Amino acid sequence: MKRIARIGLISVGSLLLLAVLAAAVAALVIVRRPFPQTAGDITVPGLSSAVNVYRDEMGVPHIYADNLDDLFFAQGYVHAQDRFWQMEFWRHTSQGRLSEMLGEQTLETDKFLRTIGWNRMAADTIAYYEQEQPEYMAILEAYSAGVNAYVAQNQDALSMQITILGLVRNPWEIEAWRPVDTISWAVAMSWDLGGNWRSERNRALLLQTIGAADVETLWPAYPYGERPVIAPTDAQINEINAAVNQWVEQVTAVDWQRVNTDIIGHFPDEGFILGSGLGIGSNNWVVSGEHTATGLPLLANDPHLGIQMPSIWYEVGLHAPNFNVVGFSFAGVPGVVVGHNERIAWGVTNVGPDVQDLFIEKINPSNPAQYEFEGEWRDMTVIEEVIKVNGGDDVTLPVRITHHGPIINEVVSDLHDVLAFQWTAVEPSRVLQSVILLNQAQNFDDFREALRYWDVPAQNFVYADVDGNIGYQMPGLIPIRKNGDGTVPVPGWSGEYEWEGWIPYEELPALYNPEWGYIVTANHAVVDANYPYFINRDWADGDRGQRITDMLDAAIAAGDVTAADFARIHVDSKSLPAQAYIPLLVGLSSNDPQVQAALERLRGWDLQERRDSVPATLFEIFYMQLTYNVIGDEVGKDNVERIANNIFMHDLAAQPTANWWDDVSTTAVETRDEMLLQSIADAVTWLEENVGGDMNDWTWGAIHTVTFADGVLGQSGIGVIERMVNRGPFAADGGRAIVNALGWGWSEPAIVRSVPSMRMIVDLSDLDASQTVHTTGQSGHPYHPHYDSMIELWLNGEYHPMLFSAKAVQAAAVDHLVLRP
């Protein structure tokens, strides 16, 4: 069970009950009862004046209000109309309270989250807003009031999912929505997008298996000479005052055999809400009007996040005096996170900075509530978290906290050193403040000032405006370390690795109208080696960034760049690993007819991973087998996916005599060609066993499939229930480390786990000509027309209009709802 939601929903008796209930639940009355009213009038206590909500044929609402209080109240109301089940599930997840809904099956997940302290971080941020920023607290309260107004009017018809779970579990209380529920979401977002602690832990595990030199070789740093950099130091607009290289390597030796790497509770490999790990990233780019057909900028974005049903994103337009913005929101959160207003547009990708560190703490053998620091024993802070369990007794969890952060594992026999977790998100988060200011920004200076408050997770923001300017800003709290680069757990007892503050905002990477006329970010290196502060070592491999850059260069060379060019880039599925390895197979041959047929299929392939392509399947399974064959003998098969990366494999392709080609588990010395042929043969065997004997059936779409699954019921294991709430599987283009980034893991080839969660193209010459799409649809209600109305568009790389002007919105409206006080 890799995902939170695969909870093995209930006991045997409940399974039988669910099977009986499924037929009844499918009845029209139960399915349709939660569908919200989207036309006519509704009286809603709490408003000060009428609010108009226009929905287009895709169910996208545009909300028009006379003041900001009513605007955010109505946004909360509309979010609850379409997505309350998602909001309810997300708030329980983000506060470590899943067991209140789902019982003991999620207890270990709650233990992990309550140990890390997501709930405590959210409470601290609320205290900040109450004390320091009451105007933003008022926005949170107005939004919460709107959610609660809808819940009060529809208490017994909020969602089909709640109805089903309430019949097989003890019904949980549907609490009033509170500002802390919104802020908790921001903490969850920060976790899934904001750190590298698992990389540190994986390095520690590998260091217990192989030497440090081999870890460094297999896990190389970013290839600056072969891949692009987002913001070269000599092109940045900031005045950087620090001297070069304000950090050094680790200096204190660690006995890795003493360190306990087992974690309290359980965290899912695929993240909690937005997804995590391989495939979680994004693309965005912006091109100056100097190179476009319209003479004004074009801006594109496609965030790569975990796959789910309904979509992570909720499209919305928010219109009130001095507030006029459209784009993508999160259900449960006021404002628009990605989009444009009447003057500026912006898009985001994840920076992936190193903002999480694991500190190895030495525990006092005579007092487990004390830890060593600079030669003295310090008392830990010990708090008790009480976890409520549906159908069971409360569980009390003691959490031990050092000045570095909570201890995330226990002292066990012969493993006396434990890990404390330090993270920038323990600081009160001002992201909501940033979002609201960003929605109102009118120029690049306003944009940068708004991002001053975007603390975590750090993002790559690209910018364009109607005056023709383009820009880039990386915001976020990035720690300055006394020593070390954050790549492995460090001694907490010595005082040598303490955090000493944050990189000043004025010195974070920024660009404005760069001379080359465009900006591309795809999670690759933000800065070059000349930048004086340490941000990260383990950037994305740069393949996507390189491919987008190459395509833009080609489009510019061919003439004026258009939105159609942007759309082609969005769905480009060329594999750069294939570009490196296919030439190595050209001269090979085999006496095995199936292996020879596979080699011949790969020759002449265009390297595009399309759903109807047999060569795409052959290459991806070959590449998986090759990686296992090359490094599995040294690191162990269980560690391969922890350390596998394209940077090493690209390097290896250019080294025909490297020692890594030899299988050290045999007495022979294997050559590169032998290992390549063996990996092709292994791929053929795998495909025969998993797809069938006819190579014509080995299309990429036969195994590379997308299923949009509900967070709980969609993982129940009960077919009839899953069919009600899930959609798919669908054959899909794209793949790992590809611009059209549909990520999958080698543990389940090639089931898609992360996707371009939306695609957006903003035309600054005519905002009504902008276009977008997200994965599923606006509604979270199964069988609603907008539950799955975008899937076909999304699969085929198509869009719907992203309307902005009141004239265009009202002309396209199919529903008009008036919320009256």
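## The central sheet

In this predicted model, 11 strands form an open sheet with mixed pairing, in the order β1-β31-β2-β3-β6-β7-β8-β9-β17-β18-β22. Two strands are said to pair if DSSP finds at least two bridges between them, and the strands (E, at least two residues) and helices (H or I, at least four) are DSSP runs numbered from the N terminus. The edges are taken by β1 (40-43) and β22 (510-512), each of which has a single partner strand, so one side of each is left without a neighbour in the sheet. On average, neighbouring strands of this sheet are turned by 15° against each other, with direction ignored.

At one edge, β1 runs parallel to strand β31 (residues 815-820), and 4 bridges join the two. Within this pair, Gly 40 has Leu 817 in β31 as its bridge partner. Helix α3 (residues 68-94) packs on the sheet, where it touches β1, β2 (51-55), β3 (61-64), β6 (314-320), β7 (323-329) and β31, and its direction makes about 160° with that of β6. Helix α12 also packs on the sheet, touching β7, β8, β9 (344-350) and β17 (459-465), and its direction makes about 125° with that of β7. Such angles run from 0 to 180 degrees between N-to-C directions, and the axes are lines fitted to C-alpha atoms, for helices over the stretch in contact.

## A buried asparagine

Asn 341 belongs to strand β8 (residues 338-341). Is this residue, Asn 341, buried or exposed? Asn 341 counts as buried because its relative accessibility is 0%, where buried means under 20% relative accessible area, exposed over 50% and partly exposed in between (1.4 Å probe, protein chains only).

The side chain of Asn 341 reaches the backbone nitrogen of Arg 343 at 2.8 Å, and a polar atom of that side chain lies 2.8 Å from the backbone oxygen of Ala 441. Leaving aside neighbours within four places in sequence, Asn 341 is in contact (heavy atoms within 4.5 Å) with several residues, including Trp 346, Leu 438, Ala 441 and Phe 804.

## Two pairs of helices

Two packed helices are described by the angle between their axes and the distance between the axes. Helix α12 (residues 431-440) and helix α13 (residues 444-451) have axes that come within 8 Å and cross at roughly 170°, which means that α12 is roughly antiparallel to α13. Angles under 35 degrees count as roughly parallel, over 145 as roughly antiparallel, 65 to 115 as roughly perpendicular and the rest as oblique. In this pair, Ser 434, Leu 437 and Leu 438 of α12 meet Phe 447, Ala 450 and Leu 451 of α13.

For helix α7 (residues 134-153) and helix α9 (residues 179-193), the axes come within 8 Å and cross at roughly 105°, so α7 is roughly perpendicular to α9. Here Met 137, Leu 140, Glu 141, Tyr 143 and Ser 144 of α7 meet Pro 179, Thr 182 and Ile 183 of α9.

## Two hairpins

Strand β10 (residues 356-364) runs antiparallel to strand β11 (residues 367-373), joined by 2 bridges, and these strands form a hairpin with 2 residues between them. The antiparallel pairing of β11 with strand β12 (residues 376-379) extends over 4 bridges, and in their hairpin Glu 374 takes a positive phi near 50°.

## How the values were obtained

Residues are numbered from 1 along each chain as its sequence is written, and side-chain values use heavy atoms, with hydrogens and water left out. Because the model is predicted, local features need pLDDT of at least 70 and side-chain atom pairs count only at pLDDT 80 or more, whereas totals for chains, interfaces and linings use all residues.

Technical notes: Polar contact = N/O pair within 3.5 Å; in protein donor to acceptor, adjacent residues only side chain to side chain.
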